Amino acid sequence: MSLQPPSLASRPKGGSIPSTKAVILVGGPSRGTRFRPLSMELPKPLFPVAGHPIIEHCFRAISNVPEIKEVFIVGYYEESVFQPFINTISNSFPHIVVKYLREYQALGTAGGLYHFRDVILKGKPERFFVLNADVCSSFPLNDMLKLFEDKDAEAVMLGTRVANEAASNFGCIVSDAHTKRVLHYVEKPESHISNLINCGVYLFATDCIFPAIRSAIKRRTERPRLLSYPSSENLESSFFQGEVDDEDRENTVVRLEQDVLSDIADSRQFFVLETKDFWRQIKTAGSAVPANALYLMKAFQAGSDELAAPSGNIIPPVYIHPSAQVDPTAKLGPNVSIGPRVVIGAGVRVKEAIVLEDSEIKHDACVMYSIVGWHSKIGAWARVEGTPTPITSHATSIIRNGVKVQSITILGKECGVGDEIRVQNCVCLPYKELKRDVSNEVIM
């Protein structure tokens, strides 16, 4: 599909197709605490959902935009953490150059972009996508690009509708229904303003976003900062800190959502593409299970040959890694991912679950609404189960006996569940052996 800009005269820099890049924001090791115990073993962006790391789903969408030749992963993990993934993805998508840009301290979503602006701007791209890695979506990037061109926009964000009561947990967008222009943007408002929310996927004109971030940094650093002294008698000797040097300015934490987007909304060239397709945020460990279901369903609808063929004992969609051993009498699905070298015994039932590599589920066990951690073992006739939540819900916790508990049961790395043991609505930290029935607990 050719995406010719509406007016080449108005875009003097590029050729017939303006240069486009992409940035994926992955955060860092001090974040992702809500993804524990799974993030103890593996950074959240590399956690496998529907058979592939979460971040790989971003790359698959980016690879469908022919203009994008360069992608930057921005985060503050060590480079070595992402290098094996970058090597693999570079082989899968050889037409895309992938680079990891490491922050040495948390700079915020906008601060990180600004810090690496010279690298991003090399080759004079006219616009670039920004994707948050913890988002599960069909990523309609070409549709965003088309809207960007049609409206001669400075910025386009992806939006979706959620239930009114859930909206205030997200950034809320007030837009003109006819023109799709963003009129007002508020991050996590205290009162209801809209059920159209920010999906964390953006397309920015380079000559719009960097000046907007610079203004936000200037506002943050030039607020007078009162230096206090222990005694009120010394109030006269308090003083306002003077000029902020460039290094301080560079290291200011500035976030796109809280500090920049509402200002861009005032520029009147900011638009929202409302997706009717699926969207989920992968914040908690439990939210990987609905994300897994959504990606599997998308693959099934697209006729992906990666999925197991439907049969009497395979209720689609189901992903089984080629190295896994599944007994033909085991019943799997729907919405199940089985990782490398997993062994599943006779008569086992697995539904709405992720079973990670090198795990074993012995005969006649049942695993539902759960994540089974790496190298874990589930005994014969055991039950490991969570509680189903509505597909429209963005929460992965439920109230049991007045206490908020995880609706998805999660076993960390190398957990053991004894024969005939029942585990329900629990989060189990790594290396634990469960020899009694447990429910609604965090096992530490």
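1. In this predicted model, strand β6 is covered on both of its faces, with R127, F129 and L131 buried on one side and F128, V130 and N132 buried on the other. The strand spans residues 127-132, and 6 of its 6 residues are buried. As background to this two-sided pattern, side chains in a regular strand alternate between the two faces of the sheet.

2. Strand β6 is paired with two other strands: 6 bridges join it in parallel to β1 (residues 20-27), while 5 bridges join it in an antiparallel arrangement to β11 (residues 196-205). Residue F129 takes part in both pairings, being the bridge partner of A22 and standing opposite L203 in β11.

3. Beyond the strand itself, D134 and K44 meet through their side chains in a salt bridge, at 3.7 Å from N to O. This pair links distant parts of the chain, since D134 lies in the loop between β6 and β7 and K44 in the loop between β1 and β2, 90 residues apart. Both D134 and K44 are buried.

4. A salt bridge also joins E79 and R102, again at 3.7 Å from N to O, and it connects helix α2, which holds E79, with strand β5, which holds R102. E79 is partly exposed, because its relative accessible area is 33%, and R102, at 22%, is partly exposed as well.

5. In the salt bridge between D263 and R219, the closest N and O atoms are 2.8 Å apart; D263 belongs to helix α9 and R219 to helix α7, 44 residues apart. Salt bridges that share partners also join K21, E70 and K99 into one network, and the count of salt bridges comes to 19.

Terms used. Residues are numbered from 1 along each chain as its sequence is written. This is a predicted model: local features need pLDDT of at least 70, side-chain atom pairs count only at pLDDT 80 or more; totals for chains, interfaces and linings use all residues. Side-chain values use heavy atoms; hydrogens and water are left out. Buried means under 20% relative accessible area, exposed over 50%, partly exposed in between (1.4 Å probe, protein chains only). Helices (H or I, at least four residues) and strands (E, at least two) are DSSP runs, numbered from the N terminus. Two strands pair if DSSP finds at least two bridges between them. A salt bridge is a side-chain nitrogen of Lys or Arg within 4 Å of a carboxyl oxygen of Asp or Glu.
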